[in-house]
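Please open the model in a viewer and keep the sequence panel visible. The tour below proceeds by selection, and each stop describes what is found there.

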Amino acid sequence: MTLITETIPDNLEEFYFNWMGEKSPILGVVGENLIYSYADDMSRDYKGGLWDFRQLSNGGFYTFPKIDRIVGRHPDFGDIELSGQAFGLAVSMMTVNHLCWMQRLSEKPYYRLLAYLSQVDCEGQAIFPEAGKVHMMLD
């Protein structure tokens with residue numbers, strides 16, 4: 001089964017608080033700050049800017065900066081060039097994982113993103129073009 005990436009619902013405010021604030025609206029604010037903090041930590045190139053949201057057909061969600069390319073950094077693998085969407089997926093996964101552990105939330109949002117990232121076609125090729133790079137960023 002292929003998971004289809006969808007654009008966000010018309011009501012961005014409702015989506016945002018459903019996204020990060022499932023237990024408490026304050027998690028939306030905490031999550032937003034974590035997103036920007038992880039983005040800054042994971043790339044020397046990140047200088048802020050506008051972000052876009054995506055909701056997945058399996059109930060997952062992620063956000064990404066509206067940029068074409070960015071160089072991510074990893075302590076073991078060095079610099080990794082990624083699209084803005086791939087970088088945002090890695091940052092979102094780090095943020096969701098952080099919130100799951102620190103706030104004792106369900107880990108389902110993280111595993112939904114992982115399922116999306118780990119999809120392969122009938123020939124065993126990753127459906128998400130930069131899946132390997134995102135996995136490297138998370139390692």
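Begin with a pair of residues: select Arg-73 and Asp-79, the latter being the bridge partner of Arg-73 in strand S5. The coordinates belong to a predicted model.

**The hairpin**

Extend the selection to strand S4, residues 69-74, and strand S5, residues 78-83. The two strands run antiparallel and are joined by six bridges. Three residues lie between S4 and S5, and the two strands form a hairpin. A further bridge partner to display is Glu-81 of S5, which is matched with Val-71.

Next, show the side chains of S4 and compare its two faces. Which residues of S4 are on the covered face, and which on the uncovered one? Ile-70, Gly-72 and His-74 make up the covered face, whereas Arg-69, Val-71 and Arg-73 make up the uncovered face.

**A loop residue beside the hairpin**

Now select Glu-130, located in the loop between helix H4 and helix H5. Is Glu-130 buried or exposed? Its relative accessible area is 13%, under the 20% limit, so Glu-130 is classed as buried. Leaving aside residues up to four places away in sequence, Glu-130 touches Arg-69, Glu-81, Leu-82, Ser-83 and Ala-86.

**Helix H3**

Ala-86 leads into the next selection, helix H3, which covers residues 84-102. The 19 residues of H3, at 1.5 Å a residue, should span 27 Å, and the distance of 26 Å between the end C-alpha atoms therefore agrees with expectation. Just after H3, select Arg-104, where phi is positive at about 55 degrees.

**H3 against H4**

Add helix H4, residues 108-117. The axes of H3 and H4 come within 9 Å and cross at roughly 155 degrees. Angles over 145 degrees count as roughly antiparallel, and H3 and H4 are therefore roughly antiparallel to each other. Their crossing is left-handed. To see the contact, display Leu-89, Ser-92, Met-93, Val-96 and Asn-97 on H3, together with Pro-109, Tyr-110, Leu-113, Leu-114, Tyr-116 and Leu-117 on H4.

**H3 against H5**

Replace H4 with helix H5, residues 131-138. Here the axes of H3 and H5 are 9 Å apart and the packing angle is about 40 degrees. H3 passes H5 in a right-handed crossing. On the H3 side, display Ala-86, Leu-89, Ala-90, Met-93 and Met-94; these meet Val-134, Met-137 and Leu-138 in H5. Leu-89 and Met-93 also belong to the contact with H4.

**From H3 to strand S3**

Return to Ser-92 and select Thr-63 with it. Thr-63 is found in strand S3, residues 61-65. How far apart in space are Thr-63 and Ser-92? Their C-alpha atoms are separated by 6.3 Å, although the two residues are 29 positions apart in sequence. Thr-63 has a relative accessibility of 2% and so counts as buried.

**The whole chain**

Finally, select the entire protein chain, which contains five helices and five strands. Followed from the N terminus, its elements run β-α-α-β-β-β-β-α-α-α. Of its 139 residues, 42% count as buried. Among contacts with a separation of 6 or more, 59% are made by residues 24 or more positions apart. The pair Thr-63 and Ser-92, 29 residues apart in sequence, may be kept on display while the full chain is inspected.

Conventions
Residues are numbered from 1 along each chain as its sequence is written. This is a predicted model: local features need pLDDT of at least 70, side-chain atom pairs count only at pLDDT 80 or more; totals for chains, interfaces and linings use all residues. Side-chain values use heavy atoms; hydrogens and water are left out. Buried means under 20% relative accessible area, exposed over 50%, partly exposed in between (1.4 Å probe, protein chains only). Helices (H or I, at least four residues) and strands (E, at least two) are DSSP runs, numbered from the N terminus. Two strands pair if DSSP finds at least two bridges between them. The expected span of a helix is 1.5 Å times one less than its number of residues. Axes are lines fitted to C-alpha atoms, for helices over the stretch in contact, and angles run from 0 to 180 degrees between N-to-C directions. Angles under 35 degrees count as roughly parallel, over 145 as roughly antiparallel, 65 to 115 as roughly perpendicular and the rest as oblique. A crossing is left-handed if the near helix is turned anticlockwise from the far one by less than a right angle, and right-handed if clockwise. Contact means heavy atoms within 4.5 Å.
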